[in-house]
Amino acid sequence: VDELRKHMDDGDSPVEFIVCWTPTQYHLGNNAGGTRYACRCAHERNIPIYNLYREGDRQYWADRIAGA
């Protein structure tokens, strides 16, 4: 989380997206601790969030890794 915060705030090396795994609705703030903080910060900055708990996001990354 500290590394994420540094990259989101410095403006020189912003993150392009967040990858997480949470069975809750990250955008509603129901997850806990660092995941909640990271997702909230990303959401506020319009940074894409990929939640590997969701089948569509898992498939997106499987395809991307496979080069599809």
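A search of the whole structure finds 2 salt bridges. This tour visits both of them, then moves on to the core and a few single residues. The model is predicted, so a look at confidence comes before the close-up views.

**Stop 1: the whole chain**

Select the protein chain and colour it by secondary structure. There are 3 helices and 2 strands, and along the sequence they follow the pattern α-β-α-β-α. Now switch to a surface view. The exposed area is about 4,700 Å², and carbon and sulfur atoms supply 51% of it. Of the 68 residues, 25% count as buried. Among contacts with a separation of 6 or more, 59% are accounted for by residues 24 or more positions apart.

**Stop 2: confidence**

Colour the chain by pLDDT. The mean is 79, and 68% of the residues reach 70 or more. Which helix has the lowest confidence, and which the highest? Helix α1, residues 2-10, is lowest, at a mean of 60. Helix α3, residues 55-66, is highest, at 94. Where pLDDT is low, the predicted coordinates should not be read in detail.

**Stop 3: the salt bridges**

Select Glu55 and Arg58. Both lie in helix α3, 3 residues apart, which is about one turn of the helix. They form a salt bridge, and their closest N and O atoms are 2.5 Å apart. Side chains of opposite charge can pair when their charged atoms come close. Glu55 is partly exposed, with a relative accessible area of 47%. Arg58 is also partly exposed, at 36%.

Next select Arg54 and Asp57. These two form a salt bridge as well, with 3.8 Å between the closest N and O atoms. Are the two partners buried or partly exposed? Arg54 is partly exposed, with a relative accessible area of 42%, whereas Asp57 is buried, at 10%.

**Stop 4: Asp57 and Asn51**

Keep Asp57 selected and show what surrounds it. Asp57 is in helix α3. Leaving aside its neighbours within four places in sequence, Asp57 is in contact with Ile49, Tyr50, Asn51 and Leu52. Asp57 counts as buried because its relative accessibility of 10% is under the 20% cut-off.

Add Asn51, which is found in strand β2, residues 49-51. A polar atom of the Asp57 side chain lies 2.7 Å from the backbone nitrogen of Asn51. Now follow the side chain of Asn51. Which backbone oxygen does the side chain reach? The backbone oxygen of Thr22, at 2.8 Å. Asn51 is buried, with a relative accessible area of 2%.

**Stop 5: the nonpolar core**

Select Ile18, Cys20, Cys39, Ala42, Ile47 and Ile49. These 6 residues make up the largest nonpolar core. Strand β1 (18-20) and helix α2 (33-44) each supply at least two residues of this core.

Zoom in on Ala42, in helix α2. Ala42 is buried, with a relative accessible area of 0%. To see a link across the sequence, draw a distance from its C-alpha to that of Phe17. Ala42 and Phe17 are 25 residues apart in sequence, and their C-alpha atoms are 7.7 Å apart in space.

**Stop 6: Thr35**

Stay with helix α2 and select Thr35, which has its place there. Thr35 is partly exposed: its relative accessibility is 28%. Which residues does Thr35 touch beyond its neighbours within four places in sequence? They are Cys20 and Thr22. Cys20 has already appeared as one of the core residues, and Thr22 as the residue whose backbone oxygen the Asn51 side chain reaches. For another distance, take the C-alpha atoms of Thr35 and Val19: they are 16 residues apart along the chain and separated by 9.7 Å.

**Stop 7: Asn46**

End at Asn46, in the loop between α2 and β2. Is Asn46 buried or exposed? Asn46 is exposed, with a relative accessible area of 71%. Check its backbone angles too. Phi of Asn46 is near 60°, a positive value in a residue other than glycine. Most residues other than glycine have a negative phi.

Technical notes:
Residues numbered from 1 in each chain as written. Predicted model: local features only at pLDDT ≥ 70, side-chain atom pairs only at ≥ 80, totals over all residues. Heavy atoms only, no water. Core = buried A, V, L, I, M, F, W, Y, C linked by side-chain atoms within 4.5 Å. Buried < 20%, exposed > 50% of the residue type's maximum accessible area, 1.4 Å probe, protein only. Helix = DSSP H or I, 4+ residues; strand = E, 2+ residues; numbered from the N terminus. Contact = heavy atoms within 4.5 Å. Areas by Shrake-Rupley, 256 points an atom, 1.4 Å probe, with all protein chains shown as cover. Polar contact = N/O pair within 3.5 Å; in protein donor to acceptor, adjacent residues only side chain to side chain. pLDDT = per-residue confidence, 0-100. Salt bridge = Lys/Arg side-chain N within 4 Å of Asp/Glu carboxyl O.
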